[in-house]
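Student: I would like to take a close look at a single part of this structure, going slowly from strand to strand. Could you walk me through one strand and its surroundings in a connected way?

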Amino acid sequence: MSLVSVDEDTVQRGFSYEWASGAIIPVTAVVLALIIGALIVRVSGSDPWNAYSQLFNGAFGSAYNISETLVAAIPLILAGLSVAFAFRAGLFNIGAQGQILIAALLSAWVGYSLNLPGVILIPLALIAGILGGAAAAGLAGLLKAWRGAHEVITTIMMNYIALYLSQYLLESTPLGTPGPMQQHAQPGFPGTPPLNASLPIIVPSSWVANGRLHAGLIIALVAALLFWFILWRTTLGYKIRAVGLNPKAAAYGGINVGWNIVLAMLIAGAFAGLAAGVSLFGTEHQLTDTFLPTAGFDAIAVALLGRNTAPGVILGAILFGAFEHGGALMQSSAGISSHLIEILQGLIIFFIGADALVRYLARHGVIHLPRLQRKEAVA
Amino acid sequence: MNWLINSGVWTTLINADLWQSTLRESTLLALPAIGGVIAERSGVVNIAMEGMILTGCFISVFISIHAHNAAAGLLAAIALGGAMAAVLAFAAVRLKANQIIVGVAINLVALGLTSYLNVAVWGQNGAPASCAPSGGACKSGQILTIPDWSVWQLNKIPGVGQIFFQQNPIFYLMLLLVVLAHVFLFRTKIGLRIRAVGEHPRAADTAGINVQALRYLAVILSGMLSGLAGGYLALAVSGTFNDNMTSGAGFIALAAVIFGKWTPFGAFGATLLFGFGLALWHTLQNTTGPVQDYSTLIAALPYVLTIVALAGFVGRATAPAADGIPYDPAEAA
Amino acid sequence: MDHPEITREEAAETQLTVPTRGTPTGPPAIEAVSIVKRFGALIANNRVSLQAFPGEILALVGENGAGKSTLMNVLSGLLQPDEGEIRLKGQAVRFRSPRDAIEHGIGMVHQHFMLIPKLTVAENVVLGHEPSGVLFDQRAARRKVAELSEAYGLKLDPAERVEALSVGLQQRVEILKILYWGSDILIFDEPTAVLTPQETRELFVVLRELAIKGRAIIFITHKLKEVMAISNRITVMRAGQVVGHLTTVQTSPAEIASKMIGHEVLPEVHKGPAKVGDPVLEVRDLDVLSDRGVPAVRGLSLEIRGGEIVGIAGVEGNGQTELVEALTGLREAQGGTATVNGIELLTEFEQNGRASRSQNHEAGRSHRLRGFGESFRRLTKPAPAYVREAGVSYVPEDRRERGLVLSYSVADNTILGIQSTPQFSRAGILNFGRIQRWARTLVTRFDVRPPKTNVPVGTLSGGNQQKVVVAREFSENPALLIAAQPTRGLDVGAAQFVHERLVEKRDQGTAILLVSAELDEVMALADQIAVIYEGQIMDVFEAGTANEDEIGLLMTGGAQHTAEQSIDLEAPALSQGS
């Protein structure tokens, strides 16, 4: 019926939801997750209080720790914006991880190949990363809009393709031939040559000794502003949100559902690409095969926690940055494996996904939910 | 022709190890793929198979050590996989939650939990050594594995013998299960009803069929099969447990489901293809010639193929019509 | 239930026009007693009672939304009643699930078929009650289905996949299914909505035979010709309540129609004479298929001039929906043209499968594909956008699904479809100041309550939601305004308000196409009344030149029907053209 052959059923099968207003569901999910996490720690013979207090201490216990938490949060903000933006269009961008990798490859390549002053090089490299991420995500969006291919599976597949691609490029072959992007200076080490510029540190060393908090934070916050602006202040955002909420009404209003799906994925991929670039030039300074190993998946939890809003994503990213850095400290001082963090993340996502559970608790007075808004039609 | 030989392609292809390895890899993929077919046929997408396999790996090793019995480990894996699937089914069917979000969550929890327990139970060095029970006395505290069978005399046939008759018992079990799954889905009453539920749950409901119960059944079966795959991976293939040792097998299995057009035999065929890709990658690590340099890229082939399949370039495959959609009887028809 | 077996031939031969049974004896086969069913604030069934006796056909009639389907879903176990009870042969029963109802002998053929397209006929029929054993005995199933098929004259190939069958044949599968279940009480929900006249005839033969064999049949329809032809008794529902029980031989279509449509007290709409201008909308020979693949609009032609309201009067399901969807770019047309001031509205598929617009050579403008730039633009601008650009506004009949984004604020909804116009945005950036002002103007002018522009529109009452839609569409200064069921679900005050705005728009020179199932509304508002039946315009009247009964009869198929007339649905009046 419409000129781009998007089956309306296909779009409605993605999910579009508008949860209860307020932070109740995310907060409850976090609390429930922490409780279950504590049980696990107890059952395996350790002390939950110790674990959690070390976790907190590691995240916020000193100026340095706070600075490190924020450093960890920076790519999560951007990746979270990526996933959140796609959610707003009714799409599930599980492929943020793959988009980050592809963007990182492009960005790093620009970064170590060109010998230009940082002021020119860094924006150039960031743009390269943005284009890479956008292309990868845009492909998934195109396949969905054009051929009805479910973006969850295509993006998961792209994650693996990106992974193998980066391995190919960064690792030596079994015979010892270096990969095409691998540096020759340290044979066997799977990484690119160092980048020719880096983002400035924005916190003075008098405040935080050895602080690593770099200008990427500013970029991330600006990106969050852009996220909000696009979605809520432009006609494009208006259309994308309409497609995510009610594709039928959008089509009736003359909005091209398929085209806006592609655009939404392009933008989502751009955010993911920015996450890669900012991390490369801010903290890593070269691309190795252990680059941002879980950012794409953390981003899903961050977006869900943040209810797909800019301020929510920022807060969620800080929480997960706290988990990450605090978790490392928790492991070294309390001896509790930082894998606990992964468990907490999974539980949080579960409780947000199964929000009916939370509503059940609300119905029976265990927690209080503000007046629910009616859900949009989901087939 | 010369190029074929010099590049190392030919020597790779005629190597019986390659094909034996293909069947081995495809066993790992086919078991959850069969489960995925059954679950999706009933209308539930089980993204969490990856996590269920991984959990199966862990528990099978754990039980194998403590019960000093490999079969017990396998059974534990099957049971735990089924239990996890029950959680997924509860969230998907009863709570009508988004199946993908919940599936992703379960994968994360499984990953974190198994890695966490790996350290908590066995310390920094991870799981202890393994030992094949038939090869002499096994010390307590070692993992009892499931060694390959050598089918009487048949494995002595050059080439073919090694490929088909020198395999793990679970491989033969898998073949049986493929056939059973096909019979189950297409020749039994329950299978008919499951398929109906996945296509048009309301129609099945009005015909008096219990949609919820069937979906639970299908999902739990997929969990059990995934658990079995985990036990296989840990006890028969690698002999130990490592963090995140599945590295995407569950997702490839999902891709095989789609590639195989939601039939057991089709999915099995797809896993052969994907298994070949994986085996090729391993083999290429040891082959000489320029082909080796591209081994990593070749490993990405199965994933590219999946996207191609999804985009419908290999013919339109249609999922069960109600796949992934929670069923709510109260919604207006 | 014990009747001598009459062969199919005998049944047809006796030309039973109306099954001539005397007063029924014994308790009703099934009885609904004061059933109440609510969906949130909506009372779908409000103390509904009816009775169906064995050996007779009861017709349940009423407009869309009258509550018929809900009641049947309760009787068939799909839904639980909030109050009231169901009695079988005098005994109260409670159905906890469809299976319960099936086991008590109730079989329902739904309006939207409950068939699994990818399975075969045999598999669909026996599903849920398969021949026993663990393995599915394909052969036994096929045999049983073949036997049934033979016994009831419903010819079907048990091995055929349902998706390959025509709609009429699919319905046969549904009937076979409930016969296989051994149902005594058969419920048919709008069975002829999707059938050709030939298939309808065949269906009626089957129904008569089933009645003679002692089944109790409930037949839901809004086609009065059929009611007169096939039923013994009639129960009429309106707005969730039963408004009358009639005996077919003692009533007439006019009486039934008047009960169905009802005489609502419509406040006066002050309407001066129309100042009519040039033709704005010209439709010629329009063909549109329904979702089922059955022609819904057949060679329809229509003309609407500026400054007049043309009302389409017709019972729902006669092609109005498809007509409107074709005109607004939401559905393809298979043939014909429809232009607004010379601009083509329709989207048609060419032979090679690509969408195009047919050209209108006589008018000045046309949308011919002009090279790559144009076709790329086409990719990004779907048909409804073109239609809007041509100067068409549309108040859709399902405002919640189509007309509004419920989570968006009132203000956001007032710009749906026009968000990119220079008035509200520049370079893609929304101008909130202007949008708010616009929204506030609309909210005031159209009396939306509460008059707040920033609340989600989903929190407004139905009437006020409709006002938002109406406000938006009216204010876009269209050349043609299409209003489909504009006052559905509105209280009297809101309805009057909408009517007044419609007349106001007309007086400003807009051409208005009004589609409504409420005949009173059409008669009060329209300057020209076009009666639609089975996809064609039966006749066009100037307002005031025909009375309600005449129009009502045309709406239901044409000439007078008396009780003795046999079913002959190939009415010669239904020829090509209008």
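Tutor: What follows is a careful walk through one strand of chain C, and then through a sheet and a loop of that chain. Please keep in mind throughout that this is a predicted model.

Let us begin with strand β13 of chain C, which covers residues 309–313. Five of the five residues of β13(C) are buried, so this strand is largely enclosed by the rest of the structure. If you follow the directions in which its residues point, you find that C:Ile309, C:Gly311 and C:Ala313 point one way, while C:Val310 and C:Ile312 point the other way, and that all of them are buried.

The next step is to ask which strands are joined to β13(C). Strand β22 of chain C, residues 511–516, runs parallel to β13(C) and is joined to it by five bridges; within β22(C), C:Leu513 is the bridge partner of C:Val310. Strand β23 of chain C, residues 528–533, also runs parallel to β13(C), and here four bridges make the connection, with C:Ala530 in β23(C) standing opposite C:Ile312.

From there we can turn to an open sheet of chain C that has four strands, in the order β12-β11-β14-β15, with antiparallel pairing. At its edges stand β12 (295–305) and β15 (343–344) of chain C, and because each has a single partner strand, one side of each is left without a neighbour in the sheet. Helix α10 of chain C, residues 320–327, packs on this sheet and touches β11, β12 and β14 of chain C, and its direction makes about 65 degrees with that of β12(C). Within the sheet, strand β11 (residues 279–289) and strand β14 (residues 335–340) of chain C run antiparallel and are joined by five bridges; one residue pair to look for is C:Glu282 with its bridge partner C:Thr339, which belongs to β14(C).

Finally, as a setting to hold beside the buried strand, look at C:Asp398, which lies in the loop between β18 (392–395) and α13 (399–403) of chain C. C:Asp398 has 15 C-beta neighbours inside 10 Å, and because a residue needs 20 or more to be buried and 12 or fewer to be exposed, C:Asp398 counts as partly exposed. When you compare positions along the chain with positions in space, C:Asp398 and C:Glu209 are 189 residues apart in sequence, and their C-alpha atoms are 39 Å apart.

Terms used
Residues numbered from 1 in each chain as written. Chains lettered and ligands numbered in written order. Predicted model: local features only at pLDDT ≥ 70, side-chain atom pairs only at ≥ 80, totals over all residues. Pairing = 2+ DSSP bridges. Helix = DSSP H or I, 4+ residues; strand = E, 2+ residues; numbered from the N terminus. Contact = placed C-beta atoms within 7 Å. Axes fitted to C-alpha atoms, helices over the stretch in contact; angles between N-to-C directions.
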